[in-house]
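Q: Please take a close look at one part of this structure and tell me what is packed there. After that, follow the links outward to the neighbouring parts.

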Amino acid sequence: FHLVSPGTKAYATGVGGRKILTLADGSQIELNTNTSIRVAIADKSRTVWLDMGEAYFQIVHDATHPFSVIAGNRRVIDLGTKFAARQDSGNLEVSLFEGLARVEIADGFAPHSAELRPGDVAVASATTISVVRKPKATMDSQLGWRRGVLVFKGTTLVEAAAELNRYNTDKLVVGDPVISRQTMD
């Protein structure tokens, strides 16, 4: 249950579901499995709250109406971009595919921020942001869910099972600790 203020719309997908939303300005938000967002379009801003899950954003840049995604105390500010955001295990992972974006944390002490360029992946905890560069092929594989597939390369079996479990109500378990560490190439 999410509290929704007037003018805010809530959208969600169930386990295994996917949904594409098109905003009035032509921006699109694609929701992955088990995702919940709230969208507020106001006179001077466009705001999405990523309450849980993962979404891909194709945002039409408009400097007079900034677009931001909020997940807990973290914010992604669009500077004309295509990016994915995933809130999982208390972290927000942002992968930038096109344009520019800024990730910010307001932790009550001093704000932290990082500006992202295409190929950057930021992981923001409640208090820190780390940014790494990833090859285009790796970034594209990460979005396999948009095509209805999951790609596992260099992934351990236990990580692959956890990812598959996001899409199913019946859960996979890798019981052998030795086998669980084997990677898929």
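**A helix and what surrounds it**

A: Let's start with the second helix, H2: its buried residues are Ala-160, Ala-161, Glu-163 and Asn-165. "Buried" here means under 20% relative accessible area, "exposed" means over 50%, and "partly exposed" is in between, with a 1.4 Å probe and protein chains only. Helices (H or I, at least four residues) and strands (E, at least two) are DSSP runs, numbered from the N terminus.

Keep in mind that this is a predicted model, where local features need pLDDT of at least 70, side-chain atom pairs count only at pLDDT 80 or more, and totals for chains, interfaces and linings use all residues. Residues are numbered from 1 along each chain as its sequence is written, and side-chain values use heavy atoms, with hydrogens and water left out.

So what do those buried residues sit against? They pack against strand E8, strand E14 (155-156) and strand E15 (183-184). Follow the link to E8 and you'll find Arg-86 there. Arg-86 counts as buried because its relative accessibility is 19%. Its side chain makes a polar contact with the side chain of Glu-163, at 3.0 Å. (A polar contact is a pair of N or O atoms within 3.5 Å; within protein, one must be able to donate a hydrogen and the other to accept it, and residues adjacent in sequence count only if both atoms are side-chain atoms.) Leaving out residues up to four places away in sequence, Arg-86 touches Leu-50, Gly-53, Glu-54, Asn-91, Leu-92, Glu-93, Glu-163 and Arg-166, where touching means heavy atoms within 4.5 Å.

Now look for this pair in the largest pocket, which holds about 870 Å³ of space. To find a pocket, a 1 Å grid is laid over the protein atoms alone; a pocket is an open set of points where a 1.4 Å probe fits, with protein on both sides within 12 Å along at least five of seven lines, and lining residues have an atom within 4 Å of a point. Grid points are joined across faces, edges and corners, and the volume is the space filled by probe spheres set on the points. The lining has 25 residues, and those closest to the centre are Arg-86, Gln-142, Val-151, Thr-155 and Glu-163. Elements giving two or more residues to this lining are E8, E9, helix H1 (136-142) and helix H2 (157-165). H1 gives the most, with four residues. By type, the lining divides into nine nonpolar, seven polar and nine charged residues. Here Ala, Val, Leu, Ile, Met, Phe, Trp, Tyr, Cys and Pro count as nonpolar, Asp, Glu, Lys and Arg as charged, and the others, Gly among them, as polar.

E8 takes us into the packing of the protein too. In soluble globular proteins, nonpolar side chains tend to be buried together. The largest nonpolar core here has 26 residues, and Ile-29, Phe-57 and Phe-83 have the most contacts inside it. (A nonpolar core is a set of buried Ala, Val, Leu, Ile, Met, Phe, Trp, Tyr and Cys residues joined through side-chain atoms within 4.5 Å.) Among the strands giving two or more residues to this core are E5 (46-58), E8 (82-88) and E9 (91-98). E5 has the largest share, four residues. Apart from this core lies another one, of eight residues, among them Tyr-56, Ala-84, Val-121 and Trp-145.

Between E8 and E9 there's a loop, and Ser-89 is found in it. Ser-89 counts as exposed because its relative accessibility is 68%. It also has a positive phi of about 55 degrees, although it is not a glycine. Most residues other than glycine have a negative phi.

One more serine is worth a visit: Ser-125, in the loop between E12 and strand E13 (129-133). Unlike an exposed residue, Ser-125 is buried, with a relative accessible area of 18%. A polar atom of its side chain lies 3.2 Å from the backbone nitrogen of Thr-127. Ser-125 also touches Asn-73, Arg-74, Gly-90, Asn-91 and Ile-105, again not counting residues up to four places away in sequence. Asn-91 brings us back to where we were, as it is one of the residues that Arg-86 touches.
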